[in-house]
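Subject: Structure handover

Hello,

Here is the structure for you to look over. My notes follow below it.

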Amino acid sequence: MSLTSSFSIGLRGIQVSQMAMEVVSHNIANVNTEGYSRQRINLSTTLAYPTQVGPMGSGVDAENIQRMYDKFVTRSLLEKSSLLAKFEAQKLSMDALESVFNESQGTGINAALSEFWNGWQDVADNPEGNPERLNLLEKAMTMTGKINAMRSDMDALKSDINLRIEESVAQVNTLVREIADLNSKIVSMESGSLHQANDLRDQRDMHLKELSQFLDINYFEDPSNGSVTVVTPKGTPLVEQENYWELDARADRSGDIHLVWLRGNGGEVDITDSISNGRIGGWIELRDQVMDDFYTQFDNFTAGLIKEVNRQHSQGIGLTNFTDLTSTTSLPDYARRQTEMEGEDNDLVFTALTAGSAGDDIRVRLVKAAAPNSPLSVSTNDDPLTGIKTITVTLATNNANQIATRAEDIVDAVNNDGVAGSWVSAGLAQGEDGRGLVKEITTPLDLNRHLDNLLPFGEEIVSGTFDIVVYDSLGNPQINSITVNPTDNREDIIDQINAIDHLTATVVTDSGGDYIRIQSDSGYEYAFGNDNSSALMALGINTFFTGTNSRTIEINPMVEGNLSYLTSGRIDQNGLTQSGDNLNALDLADLKDKKFFFGSQYGTISDAYNSLAAEVGAESYAITRSHDFNATLVDQIQARRDMVSAVSLDEEMADLMKYQYAFQAAAKIISATDEMLQTLLSLK
């Protein structure tokens, strides 16, 4: 009996040592496999059997192969890796953006601005010199070209971010499918067994980590079957057991990519705003917050440059008077007023049908119903005393007395009402499907044709006047004052110009825009001056620049085509100008030191740009610091994981030798037992 037991003990020893050596070999083979968790075989003694001297051991058995794994460290590593991926993505893009605003080589906007102001000073030194005017034009074109190029570079970077987001969505969907497939394999392999599918679990953890580097996720394991459920921060599921849901990349009207969760039954949920970490979260934050702020500041700087140069330029007179001039800013004859209501894609634009029915004649009021479950309704009132037409839209409410009206519903209700529909044509500003609920009552809206409402720089207009001086063939001036108010409409300006002898003002349509054209009779010329209303600047009359922002700024084609229209001088109180007058050129050169408001900032034009450049640098530095901090943190957590899960070749070699000797010793037991048994059998 004892010899038989020795045979069994030796055999089990050989088998267990062999299994242990295979586990060690598996560890050594995967020493460089990313995400691999080292494995350890757990051994235990087999059941003892009774003897006259006490229980006698029967050898060794292998209980299981344990995965050396700390789920808390792994979860922490996944979360911090997601945050690190966010800053890595942002750092790469910010490095590119920072190079756009690089001023270190003396070839940036600051240098171009300085040359532009110096060009005006050169014109002031010799106001009738054509070389100075040509030099100014070249410097101005260099400056506007740099602004356009920088805006183009910013747009290209934004397009690249959107492309990266779109490409990442495809990778996310691939990972989601693979995690669901691994769930299925793990559940199948572990079903009815007390042992875990260690290698499959390592692969799934790696996929979860890769997924977290694209977007922040929440996940938990079902202890009953070993599958993991993965959800987005918005709570929409991505993986549940072997089932999965994909994301789609959708471009909005501006071309920005949004992440849409596909329900599977045709339903969709936009989860863009809930993504904050991972590469996608980093790109979305950079695109929608950081870059949008930079766009705003850059456009504020450019708009300020355009407005202030044009405001001063329109005050002056060039070497040549006008006989035929068309404004550069479109002035439509209808009203558009946008209301921003709470809710996604929930804006309204009301547009007057005709000039005659617009202006102060139409008022649209949005009011909340007095009781729950009230239907949407439209009523109209045409006051014969005041001439004001009022459209009242009573918004629908639900049983909780909350407003339950969509923007689309208001549009349809106004358009379908016989009277209101004849007064006003309403249309959505964006989001034709009318998504989003109106959550608050808006103040009454006035549809008007006021200059301050219709012109891009209309808010700059104040009540005042500007002069149009008409010259006959002998140069005799006739000064005519045009009165301007912010609430004037297009006809108010045109009618006053048409009342001036020898001038005709009309509206011309070009490329879908409406522009004011002023023509003089044969033998007559005209010039502008003494504008204290900023109307000439807002209308685009006698201006240096065209456009309203960093994308559209250009030199006025009128000036570019005829340098004599550069306004270096001014008309005096008698409507005359002196040869060599440089007052306006001096004032234009002095703009470099004057301070203005650029959005909420106050300073010189150069200050506005320098503030932007400084903020780009500060944001880049902050992102770099956050990246470096999180990289160090991830390294520390990775080191903690490696202490538990990483393969140490020294330890594995030591275990390999240990199990080799154990194997040899077990074999020796069998050999010795066999000799003993042969001795017994040889006895007679």
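Asn 381 sits in strand S14, residues 377-382. Please keep in mind that this is a predicted model. Asn 381 counts as partly exposed, because its relative accessibility is 45%. Beyond its sequence neighbours within four places, Asn 381 is in contact with Ile 388, Lys 389, Thr 390 and Trp 423. Ile 391 is 10 residues away from Asn 381 along the chain, yet 6.6 Å separates their C-alpha atoms.

Next, the nonpolar cores. The largest one has 115 residues. Phe 116, Trp 120, Leu 211, Leu 305, Phe 528, Phe 544 and Phe 545 touch the most other members. Helix H4 (residues 130-190) gives this core its largest share, 16 residues. Apart from it lies another core, of 13 residues. Ile 362, Ile 391, Val 393 and Ala 413 are among its members.

Phe 545 deserves its own entry. Residues up to four places away in sequence are not counted here. Phe 545 touches Phe 116, Met 143, Thr 144, Leu 305, Ile 306, Val 309 and Asn 310, and also Ile 553, Glu 554, Ile 555 and Asn 556.

Now the second largest pocket. Its space comes to about 420 Å³. The lining has 13 residues, and Arg 67, Tyr 69, Lys 71, Arg 201 and Glu 221 are the closest to the pocket centre. By class, 7 lining residues are charged, 5 nonpolar and 1 polar. Helix H2 (71-100), helix H5 (198-212) and strand S3 (218-221) each supply at least two of them.

Strand S3 also belongs to an open sheet of 4 strands, in the order S3-S4-S5-S6. The pairing is antiparallel. S3 and strand S6 (243-244) are the edge strands, each pairing on one side only. Between S3 and strand S4 (residues 228-231) there are 4 bridges. One residue links the two topics: Glu 221 is among the residues closest to the centre of the second largest pocket, and its bridge partner in S4 is Val 228.

There is 1 cavity of 30 Å³ or more. The largest cavity has a volume of about 50 Å³. Its lining includes Gly 316, Ile 317, Gly 318, Thr 320, Asn 321 and Phe 322. Tyr 526, Ala 527, Asn 542, Tyr 565 and Thr 567 line it too. By class, that lining has 6 polar, 5 nonpolar and no charged residues.

Three loop residues remain. Thr 329 is in the loop between strand S10 (324-326) and strand S11 (336-340). Is Thr 329 buried or exposed? Thr 329 counts as buried, because its relative accessibility is 16%, and buried means under 20%. Leaving aside neighbours within four places in sequence, Thr 329 is in contact with Leu 455, Pro 456, Asp 514, Tyr 515, Ala 538, Leu 539 and Gly 540.

The other two lie in the loop between strand S22 (525-529) and helix H11 (535-539): Asn 530 and Ser 534. Asn 530 is not a glycine, but has a positive phi of about 55°. Ser 534 is not a glycine either, and its positive phi is about 65°. Asn 530 is partly exposed, because its relative accessible area is 40%. Ser 534, at 8% relative accessibility, counts as buried.

Best wishes

Key. Residues are numbered from 1 along each chain as its sequence is written. This is a predicted model: local features need pLDDT of at least 70, side-chain atom pairs count only at pLDDT 80 or more; totals for chains, interfaces and linings use all residues. Side-chain values use heavy atoms; hydrogens and water are left out. A nonpolar core is a set of buried Ala, Val, Leu, Ile, Met, Phe, Trp, Tyr and Cys residues joined through side-chain atoms within 4.5 Å. Buried means under 20% relative accessible area, exposed over 50%, partly exposed in between (1.4 Å probe, protein chains only). Contact means heavy atoms within 4.5 Å. On a 1 Å grid over the protein atoms alone, a cavity is a set of points where a 1.4 Å probe fits but cannot get out, and a pocket is an open set with protein on both sides within 12 Å along at least five of seven lines; lining residues have an atom within 4 Å of a point. Grid points are joined across faces, edges and corners, and a volume is the space filled by probe spheres set on the points. Ala, Val, Leu, Ile, Met, Phe, Trp, Tyr, Cys and Pro count as nonpolar, Asp, Glu, Lys and Arg as charged, and the others, Gly among them, as polar. Two strands pair if DSSP finds at least two bridges between them.
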